[in-house]
Amino acid sequence: MNRYKVKFNAVCPVNGDVIEYSLAIESINMIKAESIMEAICEFDKGFHEVFADILHKKFGGKQFMKAIHGGVTIETERG
């Protein structure tokens, strides 16, 4: 099992808050770090759940993402 962890920022499209996301991917396949960075760099603005869906479609495996937005902890799990 391979584990990949990264943090990234994106802007909330509703109120403009900058949100820090923590992403963890577990996969039996190798995922290039550059591919993960390229994917998350496209997330300049949007919703947490949509990001999770896009990342899971692209990389598969088991994915966990967490962010705190306005005091609300949002956690998604895919796979």
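The exercises below work through the fold, the dimensions and the cysteines of one predicted chain.

Residues are numbered from 1 along each chain as its sequence is written, and side-chain values use heavy atoms, with hydrogens and water left out. Since the model is predicted, local features need pLDDT of at least 70 and side-chain atom pairs pLDDT 80 or more, while totals for chains, interfaces and linings use all residues.

**Exercise 1.** Determine how many helices and strands the chain has, and in what order they run.

Solution. Take helices as DSSP runs of H or I with at least four residues, and strands as runs of E with at least two, numbered from the N terminus. The chain then has 2 helices and 4 strands. Read from the N terminus, the order is β-β-α-α-β-β.

**Exercise 2.** Compare the radius of gyration of the chain with that of a compact globule.

Solution. The radius is taken over C-alpha atoms, and the globule rule is 2.2 Å times the number of residues to the power 0.38. For 79 residues the rule gives a value near 12 Å, and the chain, at 12 Å, agrees with it. Along the principal axes, the C-alpha atoms fill a box of roughly 35 × 20 × 15 Å.

**Exercise 3.** Explain why Cys12 and Cys41 are not bonded, and decide whether each is buried or exposed.

Solution. A disulfide requires two cysteine sulfur atoms within 2.5 Å. The closest cysteine sulfur to that of Cys12 is in Cys41, 20 Å away, which is too far for a bond, and the count of disulfides is 0. Next, apply the relative accessible area (1.4 Å probe, protein chains only), where buried means under 20%, exposed over 50%, and partly exposed in between. Cys12, at 5%, is buried, whereas Cys41, at 62%, is exposed.
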